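Reader: Before I set up any calculation on a new model, I would like to learn how to read its sheet and its annotated sites. Could you take me through them step by step?

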Amino acid sequence: MGLQGEIVPYRKKQEEEEEEEGTDYVDEVGDRDLGMIPTLPLQRKLVVVGYALTSKKIKSFLQPKLQGLARNKGILFVAIDQSRPLSDQGPFDIVLHKLTGKEWRQILEDYRLTHPEVTVLDPPDAIQHLHNRQSMLQCVADMNLSTSYGTVEIPSQLVVKKDAWYIPDAVEKAGLRLPLVAKPLVADGSAKSHELSLAYDQLSLQKLEPPLVLQEFINHGGVMFKVYVVGETIKVVRRFSLPDVCKRELSSIAGVFRFPRVSCAAASADDADLDPGVAELPPRLLLEKLAKELRRRLGLRLFNLDIIREHGTRDRFYVIDINYFPGYGKMPEYEHIFTDFLLSLAERQYKKKSCQ
């Protein structure tokens, strides 16, 4: 089923995604105007990664430990000068980016056509698919993933583009159950796009501000799983999430409660003393199959999934958000995982050239 139309019922996540952690370190190489990468002997030894990131992304991602490990492995990060033509810079083996805007997308698309030998992480048109929550989860829904290890679905949801006064009637017609999580329709990585609200009663729904997506709240033991994907590698961490809502609370609580960026601001739950039924990670084989299929359908290699397990079950999971180029600085061992990934891309390109 699709997620289309003005108000669409559906059954069954630059400003950029700003990481709350980071350092004041700024890439010393990126601060210099390098122009062309010097000398051919050096070029052959290095994997040159041009990056176009916001200042906050640079601080959180290009941390000293990553920079040092990359240099030891023969990887050089070079800042892309957005005031100059991209084709005049480099040469690059890989372009790493997370910027928004039609002009930048067009620059990258033109660059990909004229420089097919360079790996662009990732295609801007594919990234754009995740900037709208109306389409973000559609590929998960279309997969209808069910294995012996469990099922993966998305929450029942409703897209509302305008007319907040009509939301209560639309929710009733769609058969959605309260409480409902309200998320901005646009997921462009800004702080505002990560704000969410929890609406407990029909009347309070009129206080919401479209355009937005309403998702049924699913009790999940207050724990969420963040599944980081870097190429073919996945890494899973636990994060505290919104607490469960019982029927007694529904009968006594009314209104809309607003929350900051739950998935990013919440503390890690990896070392917490949790009920084993809540803390148990999703089956590895299930996650690998999900990630592999999403890489194919989305055409992306750098993203993460926010996944919850329905409380009281062991094998029923829901994807509630997908983010492009998330806060990898919070992913355990991200330095080794990411540098190995960059080297594998460079090796693949080298073999491809050798066969031509």
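**Reading the sheet and the annotated sites**

Author: Let us begin with one bridge: Asn304 has Asn323, in strand E16, as its bridge partner. The model is predicted, so to speak of local features we require pLDDT of at least 70 and for side-chain atom pairs pLDDT 80 or more, while totals for chains, interfaces and linings use all residues. Residues are numbered from 1 along each chain as its sequence is written, and side-chain values use heavy atoms, with hydrogens and water left out.

Reader: Over how many bridges do strands E15 and E16 pair, and in which sense?

Author: Two strands pair if DSSP finds at least two bridges between them, and strands (E, at least two residues) and helices (H or I, at least four) are DSSP runs numbered from the N terminus. Here E15 (residues 302–309) and E16 (residues 316–324) pair over seven bridges in the antiparallel sense.

Reader: In what order do the six strands form the open sheet, and which strands stand at the edges?

Author: The order is E6-E7-E16-E15-E12-E13, with mixed pairing. Strand E6 (145–147) and strand E13 (233–240) are at the edges, and because each has a single partner strand, one side of each is left without a neighbour in the sheet. From one strand to the next, the twist averages 25°.

Reader: Which strands does helix H12 lie across?

Author: Contact means heavy atoms within 4.5 Å, and angles, from 0 to 180 degrees, are taken between N-to-C directions of axes, which are lines fitted to C-alpha atoms, for helices over the stretch in contact. Helix H12 (residues 284–298) lies across E6, E7, E12, E13, E15 and E16, and runs at about 135° to E15. Helix H13 (residues 334–355) also packs on the sheet, where it touches E12, E13 and E15, with its direction at about 30° to that of E12.

Reader: Where does UniProt place the feature "binding site" within E15 and E16?

Author: UniProt positions are given in the numbering used here, with shortened feature names, and annotations may be inferred rather than shown by experiment. The unreviewed entry places this feature at Asp306 and Asp321; although they are spread over 16 residues of sequence, their largest C-alpha distance is 5.1 Å. Asp306 belongs to E15, and Asp321 to E16.

Reader: Are Asp306 and Asp321 buried or exposed?

Author: Buried means under 20% relative accessible area, exposed over 50%, and partly exposed in between, with a 1.4 Å probe and protein chains only. Asp306 counts as buried because its relative accessibility is 2%, and Asp321, at 7%, counts as buried too.
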